Amino acid sequence: MRNMNERIIKLADADEVCDFVSAAGKCDFDVDVSYQRMVIDAKSILGVMGLGVEKELTVKYGGKDLSFENLLSKYTVA
């Protein structure tokens, strides 16, 4: 099984959610977002919106995509 990369991010508003989901949708690997015990597909705008904004979300992904990782860096919580 592939190594899963993991980042903690925080999305401040609907525009940031749209940017994140759009970038995830371009990845040819699975991207999951979780909050507490809920895990959803990061490529689902409704799913990510449902988790809510202004929360620390865990992103797990199993591949390399430079533009996706650059976008994640923008939202990564220190």
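This is a short walk through one protein chain, from its overall fold to a few individual residues.

Before anything else, please keep in mind that the model is predicted.

Let me start with the fold. The secondary structure of the protein chain amounts to three helices and four strands. Read from the N terminus, the elements come in the order β-α-β-β-α-β-α. The chain has a radius of gyration of 11 Å, close to the 12 Å that the globule rule gives for 78 residues, so it is as compact as a globular protein of that length. If you take a box along the principal axes, the C-alpha atoms fill roughly 30 × 25 × 25 Å.

Next, contacts and surface. Take the contacts between residues at least 6 apart in sequence: 67% of them join residues at least 24 apart. Of the 78 residues, 37% count as buried. The accessible surface of the chain is about 4800 Å², and carbon and sulfur atoms account for 49% of that. As for charge, there are 10 positive and 13 negative charges, and their mean positions lie 4 Å apart.

Now the aromatic residues. How many aromatic pairs does a search of the whole structure find? The search returns three. One of the pairs is F20 with F68, which is tilted, at 6.1 Å centre to centre and with 40° between the planes. What does this pair tie together? F20 sits in helix α1, residues 14–25, and F68 in helix α3, residues 66–75, so the pair connects parts that are 48 residues apart in sequence. Are these two rings' residues buried or exposed? F20 counts as buried because its relative accessibility is 0%. F68 is also at 0% relative accessibility and therefore counts as buried. Ring pairs also bring in F29 and Y61, so that F20, F29, Y61 and F68 are linked into a cluster.

I will move on to the strands, with T58 and S34. T58 belongs to strand β4, which covers residues 56–61. With a relative accessibility of 17%, T58 falls under the 20% cut-off and so counts as buried. Which residues does T58 contact, leaving aside its neighbours within four places in sequence? They are E6, R7, I8, D32, V33 and S34.

S34, for its part, is located in strand β2, residues 31–35. S34 has 15% relative accessibility and therefore counts as buried. Not counting residues up to four places away in sequence, S34 touches V39, L57 and T58. The contact between T58 and S34 therefore joins a residue of β4 to a residue of β2, as the contact list of T58 shows.

The last residue is V77, in the segment after α3. V77 is partly exposed, because its relative accessible area is 27%. How far from R7 is V77, going by C-alpha atoms? The two C-alpha atoms are separated by 8.2 Å, while the residues are 70 apart along the chain. Apart from neighbours within four places in sequence, V77 is in contact with I8, I9, K10 and E56. I8 also appears among the contacts of T58.

To go over the main points again: the predicted model has three helices and four strands, a tilted pair between F20 and F68, and a V77 in contact with residues including I8 and E56.

Definitions and conventions
Residues numbered from 1 in each chain as written. Predicted model: local features only at pLDDT ≥ 70, side-chain atom pairs only at ≥ 80, totals over all residues. Heavy atoms only, no water. Phe/Tyr/Trp six-rings, centres within 6.5 Å; stacked < 30°, edge-to-face > 60°. Helix = DSSP H or I, 4+ residues; strand = E, 2+ residues; numbered from the N terminus. Buried < 20%, exposed > 50% of the residue type's maximum accessible area, 1.4 Å probe, protein only. Rg over C-alpha atoms; globule rule 2.2 N^0.38 Å. Contact = heavy atoms within 4.5 Å. Areas by Shrake-Rupley, 256 points an atom, 1.4 Å probe, with all protein chains shown as cover. Lys, Arg positive; Asp, Glu negative; His and termini not counted. Charge placed at Lys NZ, Arg CZ, Asp CG, Glu CD.
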